[in-house]
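Colleague: I am new to reading protein models. Could we go through one together, feature by feature?

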Amino acid sequence: MRVKEMHPLCCISLESPGIGDRSPEGAASRGGSGGPAEEVSGGSDGNGGQVAGSEASFAGVLYKWTNYGKGWRSRWFLLRNGVVSYSKVVLPAGNDVRLIGDVSSGRVSRKNQRTFGIVHLKVSSFRESRSDDRRFYIFTATKTLHLRTNSRRDRVAWIEALVSSRNLFYLRPLHESLTLVPNDVSISTDRLKKRLTEGGIGEELVKDCEQIMLSEFSEIQGQFKVLCEERSNLLDTLRQLEAANIEAEGSGIHDSVYQLIKHEVSSIGRGKYSECSTTTSSDDIEKQELEEVSDEEDALYFDTEEYFSETTVSCGSVIRVRDHISNCMGTENQIDINSLSAGRETIDSRYPQVDRRKKLPDPIEKEKGVSLWSMIKDNVGKDLTRVCLPVYFNEPISSLQKCFEDLEYSYLLDHAYEHGKAGNSLLRILNVAAFAVSGYGSSEGRHCKPFNPLLGETFEADYPEKGVRFFSEKVSHHPTLIACHCEGKGWKFWGDSNLRTKFWGTSIQLDPVGTLTLEFDDGEVFQWNKVTTTICNLILGKVYLDHHGTMHIRGNRQYSCKLKFKEQSILDRNPHQVHGFVEDVMGKKAATLFGKWDESMHYVNGDGTSKPKDFSDAPLLWKRCKPPNFSRYNMTSFAITLNELTPGLQEKLPPTDSRLRPDQRHLENGEYEKANGEKLRLEKRQRMSRKLQENGWKPMWFQKEGSDGPFRYMGGYWEAREQTKWDDCPNIFGEISVDLEGS
């Protein structure tokens with residue numbers, strides 16, 4: 001049945017057969033008869049449709065990109081009270097609605113008469129397309145709406161309405177954003193009185209029953225109003241937090257962030273809104289827009305392995321590798337996707353295999369509960385490295401051992417060495433970038449802090465099954481500095497780091513200071529800095545950890561890499577995302593990386609102008625090994641081995657090794673009272689370290705390069721270990737001598 005005349009606000013379907021098969025240009029040419037309601041067009045008169053300063057609602061038909069299967073689909077959009085909603089059918093909206101553009105009549109539908117999506121303008125931004133004068137975009141923290149009008153004038157009108165509505169919404173008090181409980185709500189007792197009277201109940205008793213009912217209703221109504229006000233306050237708080245997060249994201253990778261600048265609407269004749277202005281990176285968004293999957297077509301959550309949802313960085317769009325790989329790179333830098341060993345470590349038969357433990361010892365004592373807030377409430381804004389916390393807040397490894405945990409996936413550097421040796425510099429830096437991300441893979445669910453090493457404390461890790469030897473030492477107490485050095489198959493890795501820690505009431509912020517250096521035997525060098533880590537919800541809610549910031553991996557030859565760790569927002573449905581580019585010396589994008597720091601990293605060649613529909617089509621660089629079930633402290637299988645004393649090892653270790661630290665060993669064994677006692681004793685010794693350092697104390701195995709340079713390994717440790725020659729190593733975990741205590 002076809003309806004010839006219908007009010008535009010009736011429930012008519014906006015779907016038309018075959019629209020998904022049309023091109024964007026063809027779909028845009030669909031005509032439609034205008035409805036009898038008032039229409040608004042940009043620039044129609046001096047008032048511009050009286051949008052500015054108006055509190056009117058706006059509605060109209062926009063084309064929304066869904067996916068390649070269905071293409072552009074017409075949707076009914078309604079803008080009211082700072083909220084944009086859209087649906088597949090025209091929903092009744094009231095007489096105060098001003099229509100923008102023509103409303104096309106289609107098939108009458110009684111199905112799907114519901115709202116498919118809602119966007120709060122207070123936590124979103126928008127801009128025009130640079131390549132098509134009919135398109136514009138609405139950005140939120142979790143998705144992007146790619147929209148198209150029938151004409152440029154309609155786009156101008158929509159942008160005007162959006163800007164005006166959001167400006168008005170910002171100016172309103174928060175409690176006015178939601179009208180949750182009408183003041184005129186009442187109930188009728190007529191039916192109750194009639195039924196009681198028919199049952200022979202006296203008039204006085206009927207009045208008593210009526211009064212009881214009204215009293216109960218009034219109490220329930222008051223409780224409901226309080227709940228609604230609490231909900232309104234919570235929503236306002238969440239929106240403010242989300243808005244702050246969106247603004248903060250503007251400080252990320254400059255090549256891929258939309259510069260959304262808040263200004264008033266410029267003239268219609270110019271057709272530009274500085275509210276929606278962009279940098280040249282807008283072209284990257286338009287390249288990826290046709291890959292967006294509609295949230296209304298499939299009510300599924302697309303994880304990293306299926307769909308890269310971030311639209312704030314252009315590397316979210318990638319190419320179908322197997323179809324286009326030959327066209328993305330020249331033959332010199334052709335990537336062999338079969339040479340990556342599926343992102344997994346391969347067993348080298350040349351190296352001996354060591355049998356290591358699979359779990360920590362079962363605790364001897366039952367762990368006592370303790371209030372974190374009671375311990376650190378007086379230390380807000382202070383450096384937590386100087387705050388004495390009970391042993392319950394530690395995990396049984398030291399910061400020296402934690403450094404080696406970053407090398408769990410050292411096979412990536414082995415791959416990088418082999419690829420560079422074979423002449424494939426691009427695959428080398430891709431594996432280096434994956435290695436830089438993999439160091440964060442073990443941090444998920446690890447909320448306890450490692451032990452702060454004593455001055456002069458060391459840690460060695462000889463893992464012949466991985467082909468690596470690692471050594472670290474605490475080289476300074478004020479400021480706290482840890483230096484490390486590792487040698488692998490054709491590469492060396494070193495660095496020193498200082499961790500600046502601040503407590504902000506409900507979260508702890510950890511800012512690493514120091515440069516990590518990787519040098520291959522052929523002379524190629526890469527350097528980078530670690531990103532910020534924040535532990536959130538310490539006082540209330542579920543504690544979680546997040547890494548965020550920009551990591552620059554600088555190379556001394558052909559390629560460098562830039563990675564963005566996206567900060568998790570309070571409503572983020574797809575957290576822990578990492579994305580970035582590999583660039584050559586001319587600034588040309590050679591490859592795109594994407595993934596999650598707690599799951600996996602993938603790549604494609606080129607600048608990522610299109611993305612695969614499934615990440616299985618993109619080559620895998622690295623995949624995290626799942627931690628064992630029911631692991632104490634959520635430690636990974638690799639971390640469990642770090643404090644282990646394998647047979648014959650203790651006799652070879654110097655007295656400064658972290659494995660010999662008594663409070664840490666007691667904690668691992670679940671002897672919490674002994675661990676606390678030893679921790680207090682050692683912290684007393686630690687407080688004397690500053691005086692030792694001022695009196696000329698020097699680290700044994702590392703030396704500072706110049707006055708402001710990093711600490712570099714001097715050598716000699718492994719040679720001394722061969723001879724078990726530790727005469728010059730102090731017994732830092734022993735009892736405090738009288739001379740030391742009185743100095």
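Colleague: Where does Ser-507 lie?

Modeller: Keep in mind that this is a predicted model. Ser-507 lies in the loop between strand E15 and strand E16, the latter covering residues 508–513.

Colleague: Is Ser-507 buried or exposed?

Modeller: Buried means under 20% relative accessible area. Ser-507 has a relative accessible area of 14%, so it counts as buried.

Colleague: Which residues is Ser-507 in contact with, leaving aside its neighbours within four places in sequence?

Modeller: Ser-507 is in contact with Lys-502, Thr-534, Ile-535, Cys-536 and Leu-538.

Colleague: Let's turn to a helix. Why is helix H9 described as largely enclosed by the rest of the structure?

Modeller: Count its buried residues. In H9, residues 411–421, 9 of the 11 residues are buried, so the helix is largely enclosed by the rest of the structure. The buried ones are Tyr-411, Leu-412, Leu-413, Asp-414, His-415, Ala-416, Tyr-417, His-419 and Gly-420.

Colleague: What covers the buried residues of H9?

Modeller: The cover includes helix H10 (425–438) and three strands: E15 (491–503), E17 (516–520) and E25 (620–623). Look also at what comes after the helix: H9 is followed by Gly-423, which has a positive phi near 95 degrees.

Colleague: How do I check the span of a helix, say H13?

Modeller: Compare the expected span with the distance between the end C-alpha atoms. Helix H13 has 15 residues, 672–686, and at 1.5 Å a residue it should span 21 Å; its end C-alpha atoms are 20 Å apart, which agrees. Its buried residues include Tyr-672, Ala-675, Leu-682 and Gln-686. Charged side chains can be found on that list too, among them Lys-679, Arg-681, Glu-683 and Arg-685.

Colleague: Now a strand, please. Which way do the side chains of E18 point?

Modeller: They alternate along the strand, residues 525–528. Phe-526 and Trp-528 point to one face and are buried, while Val-525 and Gln-527 point to the other and are not buried.

Colleague: In which sense do E17 and E18 pair, and over how many bridges?

Modeller: E17 and E18 pair in the antiparallel sense, over 4 bridges. One of the partnerships joins Glu-519 to Val-525 of E18. Between the two strands of this hairpin there are 4 residues, and Gly-523 takes a positive phi near 100 degrees. E18 also pairs with strand E20, residues 544–555, again in the antiparallel sense, over 2 bridges. There, the bridge partner of Phe-526 is Gly-555 of E20.

Colleague: How do I read a pair of aromatic rings?

Modeller: You describe the pair by the distance of the centres and the angle of the planes. A search of the whole structure finds 26 aromatic pairs. Take Phe-77 and Tyr-86: their ring centres are 5.1 Å apart and their planes are at 25 degrees, so the pair is stacked. Both Phe-77 and Tyr-86 are buried.

Colleague: Which residues form an aromatic cluster?

Modeller: Phe-471, Trp-701, Phe-702, Tyr-713, Tyr-717, Trp-718 and Trp-726 form one. Rings can also have a charge over them. The charged end of Arg-712 sits over the ring of Trp-494, 3.9 Å from its centre, and Lys-530 lies over the face of Tyr-440, at 4.9 Å from the ring centre.

Colleague: Which residue does Lys-530 meet in a salt bridge?

Modeller: Its side chain meets that of Asp-406, with 2.7 Å from N to O. This pair links distant parts of the chain, 124 residues apart: Lys-530 is in the loop between E18 and strand E19 (532–536), and Asp-406 is in the loop between helix H8 (399–405) and H9. Lys-530 is partly exposed, at 28% relative accessible area, and Asp-406 is partly exposed too, at 21%.

Colleague: How many salt bridges does the structure hold?

Modeller: The structure holds 27. One of them joins Arg-659 and Asp-657, whose closest N and O atoms are 3.2 Å apart; both of these residues are buried. Salt bridges can also share partners: Glu-395, Lys-402, Glu-405 and Arg-446 are joined into one network in this way.

Notes. Residues are numbered from 1 along each chain as its sequence is written. This is a predicted model: local features need pLDDT of at least 70, side-chain atom pairs count only at pLDDT 80 or more; totals for chains, interfaces and linings use all residues. Side-chain values use heavy atoms; hydrogens and water are left out. Buried means under 20% relative accessible area, exposed over 50%, partly exposed in between (1.4 Å probe, protein chains only). Contact means heavy atoms within 4.5 Å. Rings of Phe, Tyr and Trp (its six-membered ring) pair if their centres lie within 6.5 Å; planes under 30 degrees apart count as stacked, over 60 as edge-to-face and the rest as tilted. A charge sits over a ring if NZ of Lys or CZ of Arg is within 6 Å of the ring centre and within 35 degrees of the ring normal. Two strands pair if DSSP finds at least two bridges between them. A salt bridge is a side-chain nitrogen of Lys or Arg within 4 Å of a carboxyl oxygen of Asp or Glu. The expected span of a helix is 1.5 Å times one less than its number of residues.
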